[in-house]
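Please find below a colleague's note, set out as numbered points for consideration alongside the sequence and the structure.

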Amino acid sequence: MRKGSREMNGRDNRIDRNPGYLVNDVARLLRREFDRRVKHIGLTRAQWFVLAHLYRNDGRTQRALADELDMEPAPLGRLIDRLEENGWVRRAPAPADRRANLIHLTDKILPLVEDMRAAADNLYKDAFKGLSAKRVEEFIEALTIAKSNLVEIGAALVGDSFGGVEPLHRVQRKIAKNKG
């Protein structure tokens with residue numbers, strides 16, 4: 001027996017109020033709209049995803065990049081091969097490990113990355129239209145804390161820091177510092 005959108009047990013089972021569903025669906029819609037907005041650049045979603053990660057942290061090993069992107073090394077290697085063929089990234093030997101290569105962005109891709117960043121900024125403005133800057137910042141803080149909590153849970157299960165993402169207490173200190 002249902003009463004409105006609530007079951008008799010008092011639980012709200014509407015999928016449109018489920019945080020996991022909403023985060024996933026909003027991310028899917030953001031990706032789809034971003035793809036449409038940057039189609040003229042000529043990059044696949046997988047390519048721009050790799051480039052965006054390198055833009056934030058250039059000079060990563062392929063292994064570290066694969067871990068960060070939650071990808072298997074072989075498919076990532078093929079993706080990097082295509083990016084390298086286009087002159088958008090280059091491989092360089094890792095000084096600490098002769099078997100590893102560091103992946104670097106080239107100057108050729110930097111203007112395109114700036115175009116992608118501008119497209120993303122405009123997309124976020126459109127997506128969050130009607131929300132105050134304060135509410136958008138609170139939303140970002142909530143997602144940051146949720147991410148940190150999930151990273152800590154995962155790290156506790158495997159004894160790893162999952163790519164060095166900051167623990168919750170550091171995130172909370174940053175938030176408090178930014179407010180103060």
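**Notes on the predicted model**

1. Glutamine 47 counts as buried, because its relative accessibility is 5% and the cut-off for buried is under 20%. The model discussed here is a predicted one.

2. The surroundings of glutamine 47 may be described as follows. Glutamine 47 belongs to helix H2, which covers residues 45–56. Apart from neighbours within four places in sequence, glutamine 47 is in contact with Gly42, Leu79, Arg82 and Leu83.

3. On the surface, Val23, Phe139, Ile140 and Leu143 make a nonpolar patch of about 320 Å². Helix H6, residues 133–158, gives the most to this patch, with three residues.

4. Is leucine 143 buried, exposed or partly exposed? Leucine 143 is partly exposed, because its relative accessible area is 35%, and partly exposed lies between the limits of 20% and 50%. Leucine 143 lies in helix H6 and is one of the residues that make the nonpolar patch.

5. Confidence should be considered before any detailed reading. The protein chain has a mean pLDDT of 83, and 80% of its residues reach 70 or more.

6. Two segments call for caution. Over residues 1–5, pLDDT stays under 50, and the model has seven contacts beyond four places in sequence for them. Over residues 161–169, pLDDT likewise stays under 50, and the model has 17 contacts beyond four places in sequence for that segment. Where pLDDT is low, predicted coordinates should not be read in detail.

Terms used:
Residues are numbered from 1 along each chain as its sequence is written. This is a predicted model: local features need pLDDT of at least 70, side-chain atom pairs count only at pLDDT 80 or more; totals for chains, interfaces and linings use all residues. Side-chain values use heavy atoms; hydrogens and water are left out. pLDDT is the predictor's confidence in each residue, from 0 to 100. Contact means heavy atoms within 4.5 Å. Patches are made of residues with over 30% relative accessible area and no salt bridge: like charges are joined within 9 Å, nonpolar side chains (Val, Leu, Ile, Met, Phe, Trp, Tyr) within 5 Å. Accessible areas come from the Shrake-Rupley method with a 1.4 Å probe; for residues, only the protein chains shown count as cover. A salt bridge is a side-chain nitrogen of Lys or Arg within 4 Å of a carboxyl oxygen of Asp or Glu. Helices (H or I, at least four residues) and strands (E, at least two) are DSSP runs, numbered from the N terminus. Buried means under 20% relative accessible area, exposed over 50%, partly exposed in between (1.4 Å probe, protein chains only).
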